[in-house]
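Trainee: Could you take me closely through one part of this model, namely the sheet and the strand pairings around one of its members?

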Amino acid sequence: MSYLDRDTYGIYRSDNYVDTDNTGPGPRLMGADTLIGEDVYNRQEEDLGDIKEIMLDMRSGEVAYAVLSFGGWLGMGDKLFAVPWQALQLDTVNKRFLLDVSKEHLKNAPGFDKDDWPDMASTEFNTQLHSFYGTQQNIAGGVTSSGSVMGSSSGSLQSDPGYGSSIGTGSGNLSR
């Protein structure tokens, strides 16, 4: 089910909404509730899971992380991962998110159990997470990175050393 199917308020169904132009609220501005449950794939077309939650930094008013569920079967044995918002790109063609990491790399990501969440606001957690995904932390009072639909880090999203080649540019343009 894509964000179009979860659009209870008709944000994306108006005649003005077209994925490729700048009219209407989406995809530049989207409802968080429509993104919960969205699939996440990598550039090799591997299913990495789906978005379970979107975490907001209440001090800065920005999206800090998406919580990705990966592994398991029918909700059993899933591992949760905090993924920096800057590491995700919205693929409006396929109605899903892209995360530029391999399945193997994601298996080694700092994850957690649904009954034991880490302190996502801690400096140590932020440093470890942004280092793993190759993104930059937003600094309180500083200017945040932007440029793609979901934001981008400074530089590419090539955080997986297993790829060994230039894969993504972090530009947010996901046209195929």
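Mentor: Two strands are taken to pair if DSSP finds at least two bridges between them, and both helices (H or I, at least four residues) and strands (E, at least two) are DSSP runs, numbered from the N terminus. This is a predicted model, in which local features need pLDDT of at least 70 and side-chain atom pairs count only at pLDDT 80 or more, while totals for chains, interfaces and linings use all residues. Residues are numbered from 1 along each chain as its sequence is written, and side-chain values use heavy atoms, with hydrogens and water left out.

In this model, 7 strands make up an open sheet of mixed pairing, in the order 5-6-1-2-3-4-7; its edges are strand 5 (88-91) and strand 7 (111-112), each of which pairs on one side only. Strand 6 (96-99) is the part to dwell on. On one side, strand 6 runs antiparallel to strand 5, joined by 4 bridges, with Leu 98 as the bridge partner of Gln 89; the hairpin of these two strands has 4 residues between them, and there Lys 95 takes a positive phi near 55°. Strand 6 also pairs with strand 1 (residues 39-41), in the parallel sense over 2 bridges, and here Leu 98 is the bridge partner of Tyr 41.

As for its side chains, Arg 96 and Leu 98 point one way from strand 6, whereas Phe 97 and Leu 99 point the other way, and all are buried, that is, under 20% relative accessible area (1.4 Å probe, protein chains only).

How values were computed:
Contact means heavy atoms within 4.5 Å. Axes are lines fitted to C-alpha atoms, for helices over the stretch in contact, and angles run from 0 to 180 degrees between N-to-C directions. Buried means under 20% relative accessible area, exposed over 50%, partly exposed in between (1.4 Å probe, protein chains only).
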